[in-house]
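I opened a fresh page for this one and wrote things down as I looked them up. Here is what I was looking at.

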Amino acid sequence: MVHVNYVAVLVAAIAVFVLGWLWYSPLLFYKPWMRARGMDPAVAMAGAKMPGGKLVVELLRCIVLAYVIARLVALLGISSWMGAVHFGFLLWIGFPVILLIGSMLWENTPPKVAAIHAGDWLVKMLVIPIIVSVWP
């Protein structure tokens, strides 16, 4: 039986939820992300409301992601932050990067949009394994 620390999962999920919000905020990549999507950031921001339902779904996505990664970390016996970084980087290459390349190739996703998403996913794929592997 694999032991998963649910407190660490929740902390990791909340951490990446907040970091994701920050990633796509005007403090970091909101403007380049909007421009890369062909939208005027000022116009998009003027009529923007934070949709509560989507935020709940996003938090749930973060919880599921943190739980799955925590199970993998436990199954692999990763217990150091450096091992977690290596594992997170491999996860990032193997899943989000590959999927985003496919979206650029087959769905004409602009490379700048994919790059911004890839950066967000790199943060998630590093932060979650580090938190769940070193949490006491």
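**Ground rules.** Before counting anything I fixed my terms: helices (H or I, at least four residues) and strands (E, at least two) are DSSP runs, numbered from the N terminus. I also kept in mind that this is a predicted model.

**Overall layout.** By that count I get six helices and zero strands in the protein. Read from the N terminus on, the order is α-α-α-α-α-α. I then looked up the extent of the C-alpha trace, and along its principal axes it spans about 50 × 30 × 20 Å. There are 136 residues, and 34% of them count as buried. About 8500 Å² of the protein is exposed, with carbon and sulfur atoms supplying 75% of that area. For contacts with a separation of 6 or more, 79% come from residues 24 or more positions apart.

**The pocket.** Next I went looking for the largest pocket. Its volume comes out at about 810 Å³. Which residues lie nearest its centre? I noted Trp-21, Tyr-24, Trp-33, Met-50 and Leu-55, out of 27 residues that line the pocket. The elements giving two or more residues to this lining are H1, helix H2 (30-36), helix H3 (41-46), H4 and H6. H4 has the largest share of the lining, with six residues.

**The nonpolar patch.** H4 turned up again when I moved to the surface. I found a nonpolar patch of about 680 Å², made by Tyr-6, Val-64, Tyr-67, Val-68, Leu-72, Leu-75 and Leu-76. Which helix gives the most to it? Helix H4 (residues 52-76) does, with six residues. I picked out Leu-75, which sits in that helix. Is Leu-75 buried or exposed? Its relative accessibility is 54%, so Leu-75 counts as exposed, given that the exposed class begins over 50%.

**Salt bridges.** How many salt bridges does a search of the whole structure find? I got two.

- One joins Glu-58 to Arg-61, where the closest N and O atoms are 2.8 Å apart. Both residues are in helix H4, three residues apart, which is about one turn of the helix. Glu-58 is partly exposed, with a relative accessible area of 24%, and Arg-61 is also put down as partly exposed, at 46%.
- The other brings together the side chains of Lys-124 and Asp-120, at 2.8 Å from N to O. These two lie in helix H6, four residues apart, again about one turn of the helix. Why do I call this pair buried? Buried means under 20% relative accessible area, and Lys-124 is at 4% while Asp-120 is at 6%.

**Phe-17.** I looked up Phe-17 next, which has its place in helix H1 (residues 6-23). Leaving out residues up to four places away in sequence, what does Phe-17 touch? I wrote down Leu-55, Glu-58, Leu-59 and Cys-62. So two names come back from my earlier entries: Leu-55 is one of the residues nearest the pocket centre, and Glu-58 is a salt-bridge partner of Arg-61. Phe-17 itself has a relative accessible area of 22%, so I list it as partly exposed. I also checked Phe-17 against Asp-120: they are 103 residues apart in sequence and 10 Å apart in space, C-alpha to C-alpha.

**Around Thr-109.** My last stop was the loop between helix H5 (81-107) and helix H6 (111-134), where Thr-109 has its place. Thr-109 has a relative accessible area of 17% and is therefore buried. Apart from neighbours within four places in sequence, Thr-109 is in contact with Ser-103, Met-104 and Ala-114. I followed the link to Ser-103, which lies in helix H5. Ser-103 is buried too, with a relative accessible area of 12%. Where residues up to four places away are not counted, Ser-103 touches Asn-108 and Thr-109.

**Closing note.** If I come back to one element, I'll make it H4: it gives the largest share of the pocket lining, gives the most to the nonpolar patch, and holds both Glu-58 and Arg-61.

Methods:
Residues numbered from 1 in each chain as written. Predicted model: local features only at pLDDT ≥ 70, side-chain atom pairs only at ≥ 80, totals over all residues. Heavy atoms only, no water. Patch = residues over 30% accessible without salt bridge, like charges linked within 9 Å, V, L, I, M, F, W, Y side chains within 5 Å. Areas by Shrake-Rupley, 256 points an atom, 1.4 Å probe, with all protein chains shown as cover. Salt bridge = Lys/Arg side-chain N within 4 Å of Asp/Glu carboxyl O. Buried < 20%, exposed > 50% of the residue type's maximum accessible area, 1.4 Å probe, protein only. Contact = heavy atoms within 4.5 Å. 1 Å grid on protein atoms, 1.4 Å probe; cavity = no way out; pocket = protein on both sides within 12 Å on 5 of 7 lines; lining within 4 Å. Points joined across faces, edges and corners; volume = space filled by probe spheres on them.
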